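Please open the model in your viewer and keep the selection tool at hand. The tour proceeds by selection, with a short account of what is found at each stop.

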Amino acid sequence: MPFVSEERIFRLFVRSLGGKVKISRRGYIRDGDRDCEAMSVVGEWDGWLSGSSSVPDGVPVRVDTGEMTLLMPVDADIRAGDGAVYLPQGQTEGISFLVTGEPVRFPTHIEVKVQKYTIV
């Protein structure tokens with residue numbers, strides 16, 4: 001377990017500067033004689049969104065309203081196609097995203113591409 005201390009540092013970083021991420025997954029429920037699509041909550045973890053206001057001053061980041069990177073702990077259950085709601089610390093309203101890429105798993109954390117979910 002050579003990465004245990006690095007993982008612990010990542011978790012402390014995310015708890016102090018990040019926010020909460022609620023992951024939902026698409027599934028189907030039976031409604032009479034038909035199947036209906038439904039999103040069910042998989043879990044909630046600490047996370048950090050690149051380009052968020054929690055970035056310390058002077059740190060260059062990509063601030064794009066479209067695609068961003070979400071960093072989460074290694075035990076997070078997240079897949080491509082999931083829905084993610086990011087709630088920054090101190091905020092009362094979350095930002096909705098769709099997971100657009102397969103999660104990249106590192107020994108210390110998970111990185112996944114997300115895109116803002118907007119209804120037009």
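The stops below pass from strand pairing to the core, then to a pocket and two individual side chains. The coordinates are those of a predicted model.

**Stop 1: strands 1 and 2**

Select residues 19–31, which form strand 1, and 34–49, which form strand 2. The two run antiparallel and are joined by 13 bridges. Within this pairing, Ser24 lies opposite Val41 of strand 2. Next, centre the view on the turn: strands 1 and 2 make a hairpin with two residues between them, and Gly32 in that turn has a positive phi of about 70°.

**Stop 2: from strand 2 to strand 3**

Add residues 67–72, strand 3, to the selection. Strand 2 pairs with strand 3 in the antiparallel sense, over two bridges. Label Leu49 and its bridge partner in strand 3, Leu70. Leu70 leads directly to the next stop.

**Stop 3: the largest nonpolar core**

Which residues have the most contacts inside the largest nonpolar core? They are Leu70, Met72, Ile78 and Val114, in a core of 16 residues. Two or more core residues come from each of strands 1, 2, 3, 4, 5 and 7. In soluble globular proteins, nonpolar side chains tend to be buried together.

Now show the surroundings of Leu70. Setting aside neighbours within four places in sequence, the residues in contact with Leu70 include Val21, Trp48, Ile78, Ala84, Tyr86, Ile110 and Val114. Glu111 also belongs to that list of contacts, and it will reappear at the last stop.

**Stop 4: strands 4, 5 and 7**

Select 83–88 (strand 4), 95–99 (strand 5) and 110–116 (strand 7). Strand 4 pairs with strand 5 in the antiparallel sense over four bridges, and Val85 stands opposite Ser96 of strand 5. These two strands also form a hairpin, with six residues between them; Gly90 in the turn has a positive phi of about 80°. On moving to strand 7, one finds that it pairs with strand 5, again antiparallel, over three bridges. Leu98 faces Gln115 of strand 7 in this arrangement.

**Stop 5: the largest pocket**

Select Ser24, Arg26, Met39, Gly83, Ala84, Val85, Ser96, Phe97, Leu98 and Tyr117, which line the largest pocket. Strand 1, strand 4 and strand 5 each give two or more residues to this lining. The volume of the pocket is about 180 Å³.

**Stop 6: Arg26**

Keep Arg26, one of the lining residues, and hide the others. Arg26 sits in strand 1. Is this residue buried, partly exposed or exposed? Its relative accessibility is 45%, so Arg26 counts as partly exposed, the class between 20% and 50%. Display the side chain of Glu37 as well: the side chains of Arg26 and Glu37 make a polar contact at 2.5 Å. Beyond four places in sequence, Arg26 touches Glu37, Ala38, Met39 and Gly81. A distance monitor between the C-alpha atoms of Arg26 and Gly83 should read 8.1 Å, although 57 residues separate the two along the chain.

**Stop 7: His109**

Finally, select His109, in the loop between strand 6 (104–105) and strand 7. His109 counts as buried because its relative accessibility is 12%, below the 20% limit. Its side chain makes a polar contact with the side chain of Glu111 at 2.9 Å. Not counting residues up to four places away in sequence, His109 touches Phe10, Leu71, Met72, Val74 and Val104. Met72 in this group was also named among the core residues with the most contacts.

Methods:
Residues numbered from 1 in each chain as written. Heavy atoms only, no water. Core = buried A, V, L, I, M, F, W, Y, C linked by side-chain atoms within 4.5 Å. Buried < 20%, exposed > 50% of the residue type's maximum accessible area, 1.4 Å probe, protein only. Contact = heavy atoms within 4.5 Å. Polar contact = N/O pair within 3.5 Å; in protein donor to acceptor, adjacent residues only side chain to side chain. Pairing = 2+ DSSP bridges. 1 Å grid on protein atoms, 1.4 Å probe; cavity = no way out; pocket = protein on both sides within 12 Å on 5 of 7 lines; lining within 4 Å. Points joined across faces, edges and corners; volume = space filled by probe spheres on them.
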